[in-house]
Amino acid sequence: MRTGADSSLLAVVLPPVAAATAVRAAWADGDAVAIIDPRDPQFRVEERLSALRPTEILDATGRRPWRDRDGEGEPVPAGVAAVVGTSGTTAEPRWVMLDDHALEASAFAVHAALGADPIDDTWLACVPLTGVAGLAILARGFHTGTDVMVHERFDTAAVARAPQLGVTLVSLVPTTLSRLLDAGAPVDRFRHILLGGAPAPPGLLARARAAGAHVSTTYGLTETGGGCVHDGRPLIGVEVVTDPTTDEILVRGQITMRGYRLDEPATAAAFTPDGFLRTGDLGRVEPDGTLRVGDRRKDVIITGGVNVSPTAVEHVLLLHPAIRDVCVVGLPDPEWGERVVAYVVPVRKGLPPSLADLRAFAQQRLTAAELPREVRTVEEIPRSPGGKLLRRLLPR
């Protein structure tokens with residue numbers, strides 16, 4: 001509940017369907033929420049709670065105040081509606097605070113772009129609610145009055161049946177769209193599909209459109225409340241420019257974040273003096289206003305729409321007794337968008353751990369998305385004089 005100028009932050013540690021109900025109730029009460037997946041390893045849940053420092057927690061045992069050995073949680077500034085974790089190039093995620101007004105502005109801008117109607121349309125949330133894509137769907141339902149159907153996880157058959165149950169709008173990542181196409185699902189029965197989370201592999205869009213799908217590619221960040229550019233065109237109320245010196249994409253509008261929770265220096269660094277959000281991505285704006293997104297400056301790996309921190313994976317793999325040094329990168333993958341690849345320097349030359357061994361070793365400390373899908377042996381990991389990994393110099 002609200003306390004003076006601040007608001008309660010409720011950590012919702014429930015499966016998706018139950019979490020969606022809890023989020024709607026919390027928003028109706030004026031509380032902020034952060035969703036954590038209870039299916040993650042327990043140590044990861046506890047790490048996220050400690051970093052997040054919520055004032056309350058709601059899990060299978062009920063709702064109660066949260067505290068750990070360092071003390072009680074901390075409220076969020078008034079007006080903040082959600083805190084969403086996002087992993088970058090560091091081991092620990094940053095927690096992005098999104099205002100109620102930002103989520104509302106994004107909801108109506110997306111609906112305007114799609115021509116959505118709260119009476120005729122229904123959203124399907126089959127992406128994780130712990131990420132901004134899933135949370136944004138809940139916010140669209142809450143602010144526009146549009147019905148939302150929530151699935152516990154992505155299931156090809158269940159998503160294929162969803163139009164029969166009235167679903168008209170869905171957000172997908174390239175991997176899930178590809179699986180629907182492989183299964184011969186009636187993708188043409190969705191009135192619109194938003195595709196984001198990772199670059200679409202060559203041929204996927206043409207294949208989807210040949211099947212009759214109405215697909216829009218999206219660009220955005222957790223810090224922009226999700227996709228704020230559709231098919232290269234900024235949504236209503238969104239201004240996109242590029243830095244003339246660095247070509248970094250800059251975004252300004254009501255949809256941008258309030259800031260990073262409990263990290264004022266990072267918040268200050270994220271914005272330009274005139275209020276543009278620094279995205280960390282490179283691109284250019286064409287004369288007609290279309291945004292062309294290029295390479296990411298961040299090292300984050302996006303696999304199946306899930307952000308993976310290579311540093312976090314490296315920290316675990318370095319514990320393996322057969323590995324002397326390691327560097328993790330994302331390489332193009334036709335199914336996942338990117339796959340997690342571990343470049344390893346073995347302790348004994350010519351005797352690196354196998355992929356199966358490495359995955360078995362790491363599975364208790366890494367999520368499924370973080371587990372390597374390929375191992376490559378190198379004699380040395382390239383580093384700067386200061387010891388920084390030079391991922392771009394690895395043999396591809």
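1. Strands S25 and S26 (residues 337–346) pair in the antiparallel sense over ten bridges. Within this pairing, Cys327 has Tyr343 of S26 as its bridge partner. The model is a predicted one, and every point below should be read with that in mind.

2. S25 and S26 belong to an open sheet of three strands in the order S25-S26-S27, with mixed pairing. Its edges are strand S25 (323–333) and strand S27 (374–377), each of which pairs on one side only. On average, neighbouring strands of this sheet are turned by 30° against each other, direction ignored. Helix H9 (residues 310–317) packs on the sheet and touches S25 and S26. The direction of H9 makes about 145° with that of S25.

3. Another open sheet has seven strands, ordered S12-S11-S13-S14-S15-S16-S17, and its pairing is also mixed. The edge strands here are strand S12 (147–150) and strand S17 (233–234), each paired on one side only.

4. Within the seven-stranded sheet, strand S13 (residues 169–172) and strand S14 (residues 192–195) are joined by four bridges in the parallel sense. Two opposite positions can be checked by eye: Val170 stands opposite Ile193 in S14, and Leu172 stands opposite Leu195 in S14. Helix H6 (residues 174–182) lies across S13 and S14 and runs at about 115° to S13.

5. What covers S14: one face or both? Both faces are covered, with His192 and Leu194 buried on one side and Ile193 and Leu195 buried on the other. Beyond its pairing with S13, S14 is joined to strand S15 (residues 215–221) by three bridges, and S14 and S15 run parallel. Leu194 stands opposite Ser216 in S15.

6. The next pairing in the sheet is antiparallel: four bridges join S15 to S16. Gly220 stands opposite Gly227 in S16. S15 and S16 form a hairpin with four residues between the strands, and Gly225 takes a positive phi near 70° there. Gly225 appears again in points 8 and 9 as a contact of other residues.

7. His230 is placed in strand S16 (residues 226–230). Is this histidine buried or exposed? His230 has 9% relative accessibility and therefore counts as buried, the cut-off being under 20%. Leaving aside neighbours within four places in sequence, His230 is in contact with Val110, Ala113, Leu114, Leu194, Thr217, Thr218 and Leu235. One of these, Leu194, is a buried residue of S14.

8. Ser106 is in helix H3 (residues 100–114). The relative accessible area of Ser106 is 5%, so this serine is buried. Which residues does Ser106 contact, apart from its neighbours within four places in sequence? They are Gly225 and Ile255. Gly225 is the hairpin residue with the positive phi near 70°.

9. The largest nonpolar core has 51 residues. Trp27, Leu98, Leu103, Leu129, Leu135, Leu138 and Met257 have the most contacts inside this core. Helix H1 (residues 16–28) gives the most to the core, with six residues. For Leu98, the contacts outside four places in sequence are Val80, Ala81, Ala82, Val84, Leu103, Val132, Leu135, Thr222, Glu223, Gly225 and Met257. In soluble globular proteins, nonpolar side chains tend to be buried together.

10. There is a second, separate core of 21 residues, which includes Cys126, Val159, Val170 and Leu204. Val170 is the residue that stands opposite Ile193 in S14.

11. On ring interactions, the structure holds one aromatic pair. Two arginines have their charged ends over rings. The charged end of Arg94 sits over the ring of Tyr260, 5.0 Å from the ring centre. The charged end of Arg140 sits over the ring of Trp123, 4.7 Å from the ring centre.

Conventions: Residues are numbered from 1 along each chain as its sequence is written. This is a predicted model: local features need pLDDT of at least 70, side-chain atom pairs count only at pLDDT 80 or more; totals for chains, interfaces and linings use all residues. Side-chain values use heavy atoms; hydrogens and water are left out. Rings of Phe, Tyr and Trp (its six-membered ring) pair if their centres lie within 6.5 Å; planes under 30 degrees apart count as stacked, over 60 as edge-to-face and the rest as tilted. A charge sits over a ring if NZ of Lys or CZ of Arg is within 6 Å of the ring centre and within 35 degrees of the ring normal. Two strands pair if DSSP finds at least two bridges between them. Contact means heavy atoms within 4.5 Å. Axes are lines fitted to C-alpha atoms, for helices over the stretch in contact, and angles run from 0 to 180 degrees between N-to-C directions. Buried means under 20% relative accessible area, exposed over 50%, partly exposed in between (1.4 Å probe, protein chains only). A nonpolar core is a set of buried Ala, Val, Leu, Ile, Met, Phe, Trp, Tyr and Cys residues joined through side-chain atoms within 4.5 Å.
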